[in-house]
Amino acid sequence: MNPTELAKGIYWVGAVDWDVRDFHGYSTNRGTTYNAFLIVDEKVTLFDTVKRSHLGELLRHVSAIIDPAKIDYLVVNHVEMDHSGSLPELMDIIKPEKLFCSPMGQKALLDHFHREDWPYEVVKSGTEVSLGKRTIQFLETRMLHWPDSMFSFIKEDGILFSSDAFGQHYATSERFDDQVPLSEVMEESAKYYANILYLFSPLVKKLLASVAEMNLDIKMIAPDHGIIWRTNQDKILAAYQRWCSGQANEKALVIYDTMWQSTAQMAQSIAGGLEEAGVSTEMLNLRYNHHSDIMTKVLEAKALVVGCPTLNNGLLPRMAGFLTYMKGLKPVGKIGAAFGSFGWSGESVKLLNQALEEAKIELVEEGFRHKYVPGPEVLDECLEMGRRIGATIKEKNAE
């Protein structure tokens with residue numbers, strides 16, 4: 001990779017990680033990038049760093065433009081280790097005059113690296129710093145998705161360095177949204193939101209409102225992961241507005257695990273009833289679908305119909321794990337129902353209902369369970385259950 005110019009004197013100098021396939025439980029099948037940005041002005045400024053394993057790549061990119069020792073300022077928009085892991089080594093190399101961070105950013109940097117001797121310069125929302133010809137305006141974005149997070153806006157160029165917001169885990173040799181298939185970028189953006197930012201949706205809504213009130217003339221959005229938005233900013237902003245508001249399509253997901261195919265047969269019939277009701281339906285077997293990919297689909301689906309047999313008075317481990325993962329991400333505006341087969345005691349449906357309620361998903365059915373292998377009459381009941389859920393989806397979306 002080579003450094004890429006975003007505007008005159010402003011460069012991408014980050015690193016591409018083609019190999020990473022897991023990001024704390026989130027599958028990153030397309031790899032990722034660790035984006036860092038350099039502004040060459042009267043005060044040469046580096047925005048964010050990279051994962052420690054990729055420091056060499058960052059230094060090569062900076063060195064192709066300027067001697068790293070000539071960097072005056074370092075801005076830390078986010079302290080998470082995929083962006084700050086190389087900070088100690090980099091601080092020793094460049095010895096900046098100032099290290100800009102939010103109030104919580106300073107606390108996080110001290111907790112991570114225990115370096116009280118660094119030249120911290122704490123900034124808050126509205127703080128402006130002149131680099132010479134250019135001005136940075138800072139905006140704190142606490143809990144999006146860490147307490148320390150903030151944006152840096154370059155007023156003269158309309159470039160928003162947006163930390164983890166509007167990003168994607170997406171490795172590519174191209175740097176901009178108009179150089180890659182937009183469908184892929186939006187898919188990875190949805191996956192990023194669903195698995196990292198979903199639980200902070202109320203804060204995302206407030207942030208979007210705040211940005212609108214500030215009337216920033218945003219010409220480019222440069223996140224810390226993935227491509228840079230220079231053409232389709234309106235599309236990603238509209239998508240975030242939709243996702244944080246809990247808007248859902250007329251779609252149902254039948255999410256299930258099965259032991260001896262009895263629950264799978266029930267799932268097939270329920271899905272058939274949903275389809276008969278005119279609802280777009282997708283069946284997702286937990287054995288073959290990663291939980292982070294399922295969460296991406298949850299983002300814009302209205303109904304979650306979950307099915308699992310009973311194992312040792314409980315749930316199969318994949319289902320239990322998925323429900324725990326989903327609950328932590330706090331999906332909003334969903335309806336749900338449960339089903340499952342059993343051999344002896346049959347607690348799974350009760351446990352599924354409980355898990356859905358704990359995740360604030362509205363139950364629209366009592367739940368349906370059956371002992372051992374379902375026959376035609378039971379499958380007909382499942383079909384009818386799917387029809388009822390489908391009708392409810394249409395009613396909810398019409399409200």
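Visitor: What makes a residue a contact of I255, and which residues touch I255?
Guide: Contact means heavy atoms within 4.5 Å. With residues up to four places away in sequence not counted, I255 touches L284, L286, I294, L304, V305, V306, G307, M319 and F322.

Visitor: What kind of model is this, and how are its residues numbered?
Guide: This is a predicted model, in which local features need pLDDT of at least 70 and side-chain atom pairs count only at pLDDT 80 or more, while totals for chains, interfaces and linings use all residues. Residues are numbered from 1 along each chain as its sequence is written, and side-chain values use heavy atoms, with hydrogens and water left out.

Visitor: What makes a set of residues a nonpolar core, and which members of the largest one touch the most other members?
Guide: A nonpolar core is a set of buried Ala, Val, Leu, Ile, Met, Phe, Trp, Tyr and Cys residues joined through side-chain atoms within 4.5 Å. Buried means under 20% relative accessible area, exposed means over 50%, and partly exposed lies in between (1.4 Å probe, protein chains only). The largest core has 60 residues, and F166, Y193, Y240, I255, M319 and F322 touch the most other members. Helix 5 (residues 182-197) supplies the largest share of this core, 8 residues. A second, separate core has 29 residues, including Y11, A15, L87 and W118.

Visitor: Why is strand 14 called mostly covered?
Guide: Helices (H or I, at least four residues) and strands (E, at least two) are DSSP runs, numbered from the N terminus. Strand 14 covers residues 150-154, and 5 of its 5 residues are buried. M150, S152 and I154 point one way, F151 and F153 the other way, and all are buried.

Visitor: How do you know that strand 14 pairs with strand 13 and with strand 15?
Guide: Two strands pair if DSSP finds at least two bridges between them. Strand 13 (residues 135-140) runs antiparallel to strand 14 and is joined to it by 5 bridges, with Q137 opposite F153. Strand 14 and strand 15 are antiparallel over 3 bridges, with F153 opposite L160. Both counts satisfy the requirement of at least two bridges, so both are pairs. Strand 14 and strand 15 also form a hairpin with 4 residues between them, and G158 in the turn has a positive phi of about 70°.

Visitor: What is the strand order of the sheet of 5 strands, and why do some strands count as edges?
Guide: This open sheet has the order 12-13-14-15-16, with mixed pairing. Strand 12 (128-130) and strand 16 (220-222) each have a single partner strand, so one side of each is left without a neighbour in the sheet. The twist averages 20° from one strand to the next; axes here are lines fitted to C-alpha atoms, for helices over the stretch in contact, and angles run from 0 to 180 degrees between N-to-C directions. Strand 15 (residues 159-161) runs parallel to strand 16, with 3 bridges, and I159 has M220 as its bridge partner.

Visitor: What makes K219 and D217 a salt bridge?
Guide: A salt bridge is a side-chain nitrogen of Lys or Arg within 4 Å of a carboxyl oxygen of Asp or Glu. For K219 and D217 the closest N and O atoms are 2.5 Å apart, so the pair meets the cut-off of 4 Å. K219 has a relative accessible area of 45% and D217 has 48%, so both count as partly exposed. A search of the whole structure finds 21 salt bridges.

Visitor: How do you know that R387 and E276 form a salt bridge between distant parts of the chain?
Guide: Their closest N and O atoms are 2.7 Å apart, which is within 4 Å. R387 lies in helix 12 (residues 376-398) and E276 in helix 8 (residues 262-276), 111 residues apart. R387 is partly exposed at 29% relative accessibility, whereas E276, at 53%, is exposed.

Visitor: Why are E362 and K396 both called partly exposed?
Guide: E362 has 39% relative accessibility and K396 has 21%, so both values fall between the limits for buried and exposed. Their side chains meet in a salt bridge at 3.0 Å, N to O. E362 is in strand 23 (residues 362-363) and K396 in helix 12, 34 residues apart.
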